[in-house]
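Okay, hi everyone. I'd like to walk you through a few local details of one structure, so have a look at it while I talk.

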Amino acid sequence: MQHLERSNPHPGDSERPTRLGNLTLELNTFVGRTAELAMLTDALEADRLVTVTGAGGVGKSRLAVRVATTAEMRDGVWLVELASLRKADLVEHVVAKALGLTDCTSRPPRQVLFDYLAERQLLLVLDGFEHLVDASGSLVRDLLGRASGLRVLAVGRRPLGVEGERLFPLCPMQEAEAAELFADRAATVLPGFALDEGNLPGVLEVCRRLDGIPLAVELAAGRLRSLSPAQLLSRLDDRFGLLTGGGRDALPRHQTLRTTIGWSHELCTPDERLLWARLSVFSGHFDLEAAEYVCGGRGLPEDAVLDLLGELLAQSVVGREETPAGVRYRMLDTVRAYGAEWLGAMGDADRLLRRHRDWYLGLATLCELDWFSPRQQHAAARVEADLPNLRMALDHCLSQPGEAHLGQQLAGTLWFYWAGCGRLAEGRHWLERSLELGSDHGHEEPWLKALWVLGTVATLQADTVPARTALLQCRDEANRFGNELAATSATHCLGCLAMVTDDLPNAEQLLRAAVDRYHELGEFNSHVLMSQLELALTMAFQGDLPSAVMLCEDVYQVCEDHGEQWARAHAMNVLAYAAWVDGSLERARGLLKEALTIHHGFHDVIGTVIAIELLALVTAERNPAEAAVLQGAASRIWPSVGLPLYGSRHFNAPHHLCEKMARRALGDQQYREHLSAGARLDTDAAVARVMSRQRT
């Protein structure tokens with residue numbers, strides 16, 4: 001049974017299983033729904049698949065998450081948000097990401113999920129699947145069939161259509177509960193507001209007119225900054241006939257919700273409405289700079305976007321969130337969809353999508369440059385935060401005639417994220433998809449870059465045949481077109497491939513040629529530094545450790561000078577091995593602990609697991625039991641990368657030596673027991689264990 005890694009669990013919650021997961025704290029009061037809470041809880045206890053259905057804005061997601069927080073599942077409760085996803089073939093990737101899985105192998109993502117969930121007991125909350133119902137239903141059916149400990153709480157506007165599905169239709173709130181919700185939300189914008197004999201009749205009538213739909217009630221309550229309940233009623237009367245949703249055959253509650261959103265839309269100024277419509281092109285979160293570039297111009301000055309965005313925030317059209325990448329904004333999906341309709345009616349959607357594409361192409365390019373700088377961690381966080389928008393831009397490029405080269409450019413530019421932040425599987429998905437479209441005439445450079453990046457990704461997955469095919473094609477075509485940088489990158493990556501397949505003389509020849517040619521071309525970045533580190537490894541494997549140390553010390557110093565952390569951590573792994581050979585155990589351990597902190601911070605699974613393997617070796621002489629535990633922890637991580645230690649005889653040599661030392665000291669039985677204990681540690685727990693031990 002293969003074990004995958006969950007990159008973001010909560011180590012301190014091991015004795016409180018209901019706390020495991022990714023549910024966030026509620027930011028405002030949960031009001032009412034007492035009967036529905038009890039019934040949904042009972043339904044989820046009785047059936048493995050329960051789907052909460054109902055109109056948009058009726059409160060499905062809030063109710064489901066509230067119930068999920070009380071679920072007692074050994075391996076936690078995990079929320080998967082699909083509303084911002086556009087492509088059905090990425091559903092498995094999004095589920096894996098929500099679970100915190102980092103799998104860099106070439107296995108299909110669905111198989112990755114099968115393997116991970118097979119022996120776990122957890123609740124998966126699948127929210128916003130209705131536009132991806134076929135893909136979501138297929139995945140849920142297969143997961144439930146393979147994982148007996150899995151329960152799924154789905155949330156959408158329609159059933160999944162899976163056998164055994166229990167439907168839980170959610171109706172609007174009763175008037176009294178809706179009034180209570182109105183009062184709670186009104187008090188946040190009008191401090192001191194409370195229901196009394198004077199305003200209660202008007203509030204009840206507002207809630208009745210809005211059919212008790214929570215989103216509509218909350219939007220109405222937000223207007224009490226400037227309107228009384230009586231004025232709300234009069235404006236609703238004025239707008240119902242004008243702002244109905246769809247035709248006469250549309251569901252009444254859909255009409256009511258559309259009326260409410262349309263009414264909020266009408267109360268915005270023309271510029272606010274225009275920004276609302278243009279913001280609808282974003283998927284998930286976005287930041288101010290993106291909004292200014294994408295939405296500014298053609299009747300909306302770029303320098304006016306900030307103030308207009310502030311007004312939309314005040315009216316609860318847009319929400320604000322603090323993230324590791326800074327302040328971000330997000331529209332509710334229903335509100336976004338309303339804006340998208342207006343944008344389509346304006347005939348401006350295609351232009352906005354092109355601006356969106358251009359912004360995220362530029363963002364990826366900037367982050368690639370920042371990757372070789374003190375802003376490296378920020379670049380990683382920025383790409384992570386903008387991944388839904390980057391996916392949208394990739395999909396746009398690859399679905400528009402004549403734009404394949406832009407998709408190849410974007411997929412190739414993100415090499416540092418795919419390789420350095422544990423996203424090999426998704427990176428390979430986009431690279432292969434972009435390359436299937438061939439090379440646009442006159443745009444060979446992006447195609448060549450996508451080829452060598454694909455070769456790199458496949459090499460790191462130990463998938464050698466596709467790697468070699470892509471790299472040889474890149475080198476041959478680059479030579480034909482006279483693209484020396486692409487040819488050098490292909491030579492570099494072929495050298496890395498030769499190294500992990502134990503063809504060391506060829507690896508040394510290729511890597512030396514690449515290092516020299518990079519220098520002649522003036523190319524200088526993290527990828528170039530990795531060619532020098534790979535050459536160092538090749539020298540070490542051939543017994544020339546002093547030369548390897550010189551190469552790594554040079555890389556280490558360059559990284560120090562430029563604030564680069566990722567390649568520096570890989571250099572420290574090699575320097576630590578050299579220190580161990582020299583008998584400097586404390587230096588080796590110090591280097592590896594620092595390297596491990598960096599690798600883990602980037603979610604660099606390969607760097608993390610190699611550091612743990614080397615820590616086991618460094619530990620073996622003084623504490624063979626701990627060495628066996630660390631080897632067990634590494635054994636759990638490797639299947640999420642590919643072949644353990646690439647299947648390479650030379651990469652495996654330190655592992656086998658460590659095992660031999662630990663077995664000799666402990667005996668086979670104790671060694672296996674400690675190894676098994678380590679295999680029960682996830683990555684976060686293994687890293688925390690290393691950091692908590694000053695000396696072993």
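I'll go through one helix, then a pair of helices, then two residues in loops.

Keep in mind that this is a predicted model. Let's start with helix 23, which runs over residues 484-500. Does its length make sense? At 1.5 Å a residue, its 17 residues should span 24 Å, and the end C-alpha atoms are 25 Å apart, so that agrees. Helix 23 is also mostly covered, with 15 of its 17 residues buried. At the N-terminal end, Asn483 acts as the cap: one of its side-chain oxygens sits 3.4 Å from the backbone nitrogen of Leu485. After the helix comes Asp502, and its phi is positive, near 70°.

Next, the pair. How do we describe two packed helices? We give the angle between their axes and the distance between the axes. For helix 15 (residues 349-370) and helix 18 (residues 404-413), the axes come within 9 Å and cross at roughly 30°. Angles under 35 degrees count as roughly parallel, so helix 15 is roughly parallel to helix 18. The crossing is left-handed. Among the residues that meet there are Arg357, Tyr360 and Leu361 from helix 15, and Leu406 and Gln409 from helix 18.

Last, the loops. Arg298 isn't a glycine, yet its phi is positive, about 50°. You'll find Arg298 in the loop between helix 12 and helix 13. Tyr646 isn't a glycine either, and has a positive phi of about 60°; its loop lies between helix 30 and helix 31. Buried or exposed? Arg298 is exposed, at 63% relative accessible area, whereas Tyr646, at 10%, counts as buried.

Definitions and conventions: Residues numbered from 1 in each chain as written. Predicted model: local features only at pLDDT ≥ 70, side-chain atom pairs only at ≥ 80, totals over all residues. Heavy atoms only, no water. Helix = DSSP H or I, 4+ residues; strand = E, 2+ residues; numbered from the N terminus. Expected span 1.5 Å × (residues − 1). Buried < 20%, exposed > 50% of the residue type's maximum accessible area, 1.4 Å probe, protein only. Polar contact = N/O pair within 3.5 Å; in protein donor to acceptor, adjacent residues only side chain to side chain. Axes fitted to C-alpha atoms, helices over the stretch in contact; angles between N-to-C directions. Parallel < 35°, antiparallel > 145°, perpendicular 65-115°, else oblique. Left-handed = near helix turned anticlockwise from the far one by under 90°. Contact = heavy atoms within 4.5 Å.
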